[in-house]
Amino acid sequence: MGVRERERVGRHRRGFLRYGAALGAAFVGSHADPLYAQRPENSSPTLADSTKKLGAPVGPYGERARFETAVRRQAKTPTNESSWTFTPLEDSRGIITPSALHFERHHGGIPILDPAKHKLMIHGLVERPLVLTVGEIHRLPAVSRIYFIECSGNTLTEWEKPTESGVQGTHGLTSCSEWTGVPLSLLLIEAGVQNGGTWIVAEGADAAVMTRSIPLEKAMDDILLAYGQNGEALRPEQGYPLRLVIPGWEGSAQVKWVRRLKVVDKPYMTREETSKYTDLMPDGTARRFTFVMEAKSVITTPSGDQRLPSVGFYEIRGLAWSGRGAVRRVEVSTDGGRNWSDARLEEPVLRHAHTRFCHPWRWDGRETILQSRCTDESGYVQPTREELVKQRGLHSYYHNNAIQSWKVSASGSVRNVHA
Amino acid sequence: MHSVLVVALAIIYISPVSGQSPTYGVGREPSPQEIRVWDIAIGPDGKELPEGGSTAAIGRNVYAAKCAACHGKGGKEGPYDVLVGGFQSLTSARPVKTVGSYWPYATTLWDYINRAMPFQAPGSLSSQEVYGITAYILYLNGIVQESETISAQTLARVRMPNRDGFVADPRPDTNGLGKAGRAKPAKR
């Protein structure tokens, strides 16, 4: 290890420790739901203390119960500004990710942008170049849509061998929100795209000045210029005051803090679509503009790091999603893939959104492997890891949507395995 | 009834709007100068590049002062992204994706340094410094000569070794059923 490497690791360790300290004791214990093991004890009948004194007064902005400890966890990266955090999927309920727990991926930290000063420029191959204020964008006809956003690097540690212990680490770079904003097509029609305009260069106002090229066709179809998330303004780490939301496509293209949209006649081959976010194949070629997030599912309960306290009934729960539309079917195997049963899809089942699936299961106390596999509206079926590796080798890095396996031991502990 | 409709249409379509956009009357037209200042993205034909140029010989000192601490004296040592070398490694068990071995366009290098480097002081380099650093990194990769001027006119013409290494997205590339075989009917 060279001096620089030691410095890098040291810097990282200090950063990680600082972050860990801020999170308190949340990671010291188990990720399992501690309430799972609890049984109603025998005790003399009494009324709860909470009925004998007044509760807390009303307040201006709510916080979750003090007993809830789920937090985002930071990846081990050399800096804290070009880094990412994972959503604690094992603690998620329903399909909406709380804004405060939405995964993060920043390339140069989170900028502080005053919405009264921030502006959006639309120019390039347009009839009428525009500079718009955030307030003007708020005045335009708005829509609200529930969409997942997944980083194309989600599950990247799991290509060669099981690496992350729990579902937060293996799959926590996906989150789902209700996004509110203006269809980008509305603004492009206002600006008037000229003949020859086929791509858009979207640019953020962060320190990385994150820039991606996006096909105009998708922009005219369903991209949102969003300012709302789950009923309030975007969180700063999600692009406040303006971001792109591109249904079903990789998160890195959904430029946050967006300040400029230039209509152009070709992709601009930015660093984040050439050097990064391209998928290297075994023959040395690399796939570029691999935008679509293919169908994927994962069991979130029971999942790695959890422990089943006893034999008996458990509801297997998980999330499924597809960048090609709606999830049509999720199957669950409780015997390592020999037999598959249809899981129940919890409503609502929305295009380009997380879909919750549930499956009743009685654990008999024997070692077994739990898996889920989803099929989307296009008929695409979530592949095994072997199938993906056969096509793409071990160095494509991004877009690992393989079937996940969780091994339940006879003691009830659950761990990440390749099966 | 008719007159109400006519009035409503007049409000929507006929009343003068304060802004530039035709239907909703929002926004204003940016001045050419404003567009020039904002328009920093450099496409592969390099037409947005500012006037200027530099050489690796000049860029060497700028690189040493502004880049080497993170990328190494020779661009290979790290600790952050390796910029130099990795040739012939893309098909190996340990691919090294550098500017020389992987990046398809030289314009990307100028664009990225200009917008986002140095990491701790993004946007702090002059365009002349960016030309110099770009030339030096290309020189370290053996792509240009030390004395060759890299400029608004020449950068887009630099032929990167992996220019033809990229392909369109062919997915879906799996049939999805794998060794588990076709799904059986639900058993409850």
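A residue counts as buried when its relative accessible area is under 20%. The legends below describe a predicted model.

**Figure 1. Close-up of A:Thr180 in strand S7 of chain A.** Strand S7, which contains A:Thr180, spans residues 174-183. With a relative accessible area of 18%, A:Thr180 falls under the 20% limit and is therefore buried. The side chain of A:Thr180 makes a polar contact with the side chain of A:Ser144, at 2.7 Å. Leaving aside residues up to four places away in sequence, A:Thr180 touches A:Ala142, A:Val143 and A:Ser144, as well as A:Ala226, A:Tyr227 and A:Gly228.

**Figure 2. Close-up of helix H4 of chain A, residues 184-191.** Helix H4 of chain A is largely enclosed by the rest of the structure, because seven of its eight residues are buried. The buried residues of H4(A) are A:Leu184, A:Ser185, A:Leu186, A:Leu187, A:Leu188, A:Glu190 and A:Ala191. After H4(A) comes A:Gly192, which has a positive phi, near 75°.

**Figure 3. Close-up of A:Met220 in helix H5 of chain A.** Helix H5 of chain A covers residues 216-221 and includes A:Met220. The relative accessibility of A:Met220 is 33%, so this residue counts as partly exposed. Not counting residues up to four places away in sequence, A:Met220 touches A:Ser185, A:Leu188 and A:Ile189. Of these, A:Ser185 and A:Leu188 are among the buried residues of H4(A). The C-alpha atom of A:Met220 is separated by 9.6 Å from that of A:Leu187, a residue 33 positions away along the chain.

**Figure 4. Close-up of A:Gln306 in the loop between strands S16 and S17 of chain A.** The loop that holds A:Gln306 connects strand S16 (296-301) with strand S17 (312-321). A:Gln306 has a relative accessible area of 7% and is therefore buried. A polar atom of the A:Gln306 side chain lies 3.0 Å from the backbone nitrogen of A:Ser303.

**Figure 5. View of chain A as a whole.** Chain A contains six helices and 24 strands. Of its 419 residues, 58% count as buried. Among contacts in chain A with a separation of 6 or more, 73% are between residues 24 or more positions apart. The accessible surface of chain A is about 17600 Å², and carbon and sulfur atoms account for 53% of this surface.

**Figure 6. View of chain B as a whole.** Chain B contains six helices and three strands. Along the sequence these elements follow the pattern α-α-β-α-α-α-α-β-β. Of the 188 residues of chain B, 44% count as buried. For contacts in chain B between residues at least 6 apart in sequence, 54% join residues at least 24 apart. Chain B exposes about 10000 Å², of which 57% is supplied by carbon and sulfur atoms.

**Figure 7. Close-up of the interface between chain B and chain A.** At this interface, 69 residues of chain B are in contact with 84 residues of chain A. The buried area between the two chains is about 6400 Å², and carbon and sulfur atoms give 56% of it. Ten salt bridges are found across the interface. A salt bridge links A:Lys276 with B:Asp81, and the closest N and O atoms of this pair are 2.9 Å apart. The interface also holds 29 residue pairs in polar contact, with both residues at pLDDT 80 or more. On the side of chain B that touches chain A, the elements giving two or more residues are helix H2 (32-38), helix H4 (68-71), helix H5 (106-116) and strand S3 (166-167) of chain B. H5(B) gives the most to this side, with four residues. By residue type, the side of chain B that touches chain A divides into 35 nonpolar, 16 polar and 18 charged residues.

**Figure 8. Close-up of B:Pro79 in the loop between H4 and H5 of chain B.** The relative accessible area of B:Pro79 is 16%, so B:Pro79 is buried. The C-alpha atoms of B:Pro79 and B:Ala68 are separated by 9.7 Å, and the two residues are eleven positions apart along the chain. The two helices that flank this loop, H4 and H5 of chain B, are among the elements that give two or more residues to the side of chain B that touches chain A.

How values were computed: Residues numbered from 1 in each chain as written. Chains lettered and ligands numbered in written order. Predicted model: local features only at pLDDT ≥ 70, side-chain atom pairs only at ≥ 80, totals over all residues. Heavy atoms only, no water. Buried < 20%, exposed > 50% of the residue type's maximum accessible area, 1.4 Å probe, protein only. Contact = heavy atoms within 4.5 Å. Areas by Shrake-Rupley, 256 points an atom, 1.4 Å probe, with all protein chains shown as cover. Polar contact = N/O pair within 3.5 Å; in protein donor to acceptor, adjacent residues only side chain to side chain. Buried area = accessible area lost by both parts, 1.4 Å probe. Salt bridge = Lys/Arg side-chain N within 4 Å of Asp/Glu carboxyl O. Nonpolar A, V, L, I, M, F, W, Y, C, P; charged D, E, K, R; others polar.
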